[in-house]
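Subject: Structure for you to look at

Hello,

Here is the structure I promised to pass on. Please open it beside this email, and then read on for what came out of it.

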Number of protein chains: 2
Amino acid sequence: MSGYAPSEAARRSGFSLDTLRYYEKIGLLADVERTAGGQRVFTDDDLGWLELFRCLRDTGMPIAQMRRYAQLARDGDHTVDERCALLRTHAVRVEEQMGLLQRQYEHLREKIRYYERLPGPPPT
Amino acid sequence: MSGYAPSEAARRSGFSLDTLRYYEKIGLLADVERTAGGQRVFTDDDLGWLELFRCLRDTGMPIAQMRRYAQLARDGDHTVDERCALLRTHAVRVEEQMGLLQRQYEHLREKIRYYERLPGPPPT
DNA sequence: GCTTGACCTGGAGCGCGCTCCAGGTTGGAG
DNA sequence: CTCCAACCTGGAGCGCGCTCCAGGTCAAGC
């Protein structure tokens, strides 16, 4: 149920071992369990966090902000409002990003259509 | 109609002066005109290229690939197919990127909804 | 002609997010 | 008990895309 070796955690999360260590080093992942010998043991909870980090990373949130979010979560329930606000603000930025991407994608398609209208057989 | 000072080109393109110089230095923009004294004069054609670079940059194309595209364009009409293929390949990547962004955005919204369902007055 | 702000060059530096390395330790299989 | 693959640490290095700087030149307005 819980207790994954580093390589397994890497496989499941899609992050590299180095990235997992890095995320712990900078305080994104805190208090990762260890064996008596000092080797990491990741829990389902850790994997849940990693999934969130992947979501935030893929949507372009800077690490500093993820760090802040994680710290708030560690600080307890009274930070719920601030955490929610942080996510909402981020969501707005993501919407803008999607809009820009969409618009530029359309320009790109238009450029491609221009090439396709050129005399001569269309490539492929 | 054509012939813009660097600051004007920066204003119109939205790139910084340093970035314009950088783009020329690495061969994205080639053969930018100069005054007798050596100062750059940007043409409408240059601005057109910059608009394209912005589109490609905003959609995540690495500079090396933009360089390649620009070089192909300089090489003449016989590179049309390759240029078109390059843009099409890029468009596919952009579609993937949009799909990922959309999916992760939905996860984000779900997380926000989770916060909003929490007991207590929803923030703001 | 002088001033002054915009511009020039080559090259160093930066911020981000990892990624790699050396040198040493751990722990499960046989 | 031995082996060896997986793991540990601290710290250096990297790739990208700019950004900044020093020290000098240009050119438009007075």
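How much area is buried between chain A and chain B, and what percentage of it do carbon and sulfur atoms give? The area is about 3200 Å². Carbon and sulfur atoms give 71% of that. Please keep in mind that this is a predicted model.

**How the two chains relate**

Start with the symmetry. Chain A superposes on chain B after a rotation of 180 degrees, with 0.0 Å of shift along the axis and an RMSD of 0.0 Å. That is the relation of a two-fold axis. Both copies use the same surface, since 100% of the contact residues of chain A recur in chain B. To find the axis on screen, go to A:M98. Its C-alpha is 3.6 Å from the rotation axis, and no residue of chain A comes closer.

**The interface between chain A and chain B**

Contacts link 34 residues of chain A with 34 residues of chain B. The interface has 11 residue pairs in polar contact, counting pairs with both residues at pLDDT 80 or more. On the side of chain A that touches chain B, two elements give two or more residues: helix 3 (44–58) and helix 5 (80–117) of chain A. Helix 5 of chain A has the largest share, with 24 residues. By class, that side of chain A divides into 18 nonpolar, seven polar and nine charged residues.

Now the charged pairs. Side chains of opposite charge can pair when their charged atoms come close. How many salt bridges are there between chain A and chain B? The count is four. One of them joins B:R88 and A:E116, with the closest N and O atoms 2.6 Å apart. This pair runs from helix 5 (residues 80–117) of chain B to helix 5 of chain A. Another salt bridge joins the side chains of B:E95 and A:R109, at 3.5 Å from N to O. Over all chains, a search of the whole structure finds 17 salt bridges.

**DNA strand C**

Next, the DNA. Strand C is surrounded by 21 residues. The closest are A:Y23, A:T35, A:R57, B:R21 and B:R40, so look at both chains here. Which part of the strand faces the protein, sugar or phosphate, or bases? Of the strand C atoms within 4 Å of the protein, 78% belong to sugar or phosphate, and the rest belong to bases.

Three contacts to phosphate oxygens of strand C can be checked by eye:

- A:R57 uses its side chain, with an N or O atom 2.9 Å from a phosphate oxygen.
- B:S7 has a polar backbone atom 3.0 Å from a phosphate oxygen.
- B:R40 has a polar backbone atom 2.7 Å from a phosphate oxygen.

Three helices each supply at least two residues of the surface near strand C. They are helix 2 (17–25) of chain A, and helix 1 (6–13) and helix 2 (17–25) of chain B. Helix 2 of chain A gives the most, with four residues. The surface has seven nonpolar, eight polar and six charged residues.

**DNA strand D**

Then turn to the other strand. Around strand D there are 21 residues, and the closest are A:R21, A:Q39, A:R40, B:Y23 and B:R57. Sugar or phosphate accounts for 78% of the strand D atoms within 4 Å of the protein, with bases making up the rest.

Here are three side-chain contacts to phosphate oxygens of strand D:

- A:S7 places a polar side-chain atom 3.1 Å from a phosphate oxygen.
- B:Y23 places a polar side-chain atom 2.8 Å from a phosphate oxygen.
- B:T35 places a polar side-chain atom 3.1 Å from a phosphate oxygen.

The elements that give two or more residues to this surface are helix 1 (6–13) and helix 2 of chain A, together with helix 2 of chain B. Which of them has the largest share? Helix 2 of chain B does, with four residues. By class, the surface near strand D has seven nonpolar, eight polar and six charged residues.

Best wishes

Definitions and conventions. Residues numbered from 1 in each chain as written. Chains lettered and ligands numbered in written order. Predicted model: local features only at pLDDT ≥ 70, side-chain atom pairs only at ≥ 80, totals over all residues. Heavy atoms only, no water. Polar contact = N/O pair within 3.5 Å; in protein donor to acceptor, adjacent residues only side chain to side chain. Nonpolar A, V, L, I, M, F, W, Y, C, P; charged D, E, K, R; others polar. Least-squares fit on C-alpha atoms with pLDDT ≥ 70 in both. Contact = heavy atoms within 4.5 Å. Buried area = accessible area lost by both parts, 1.4 Å probe.
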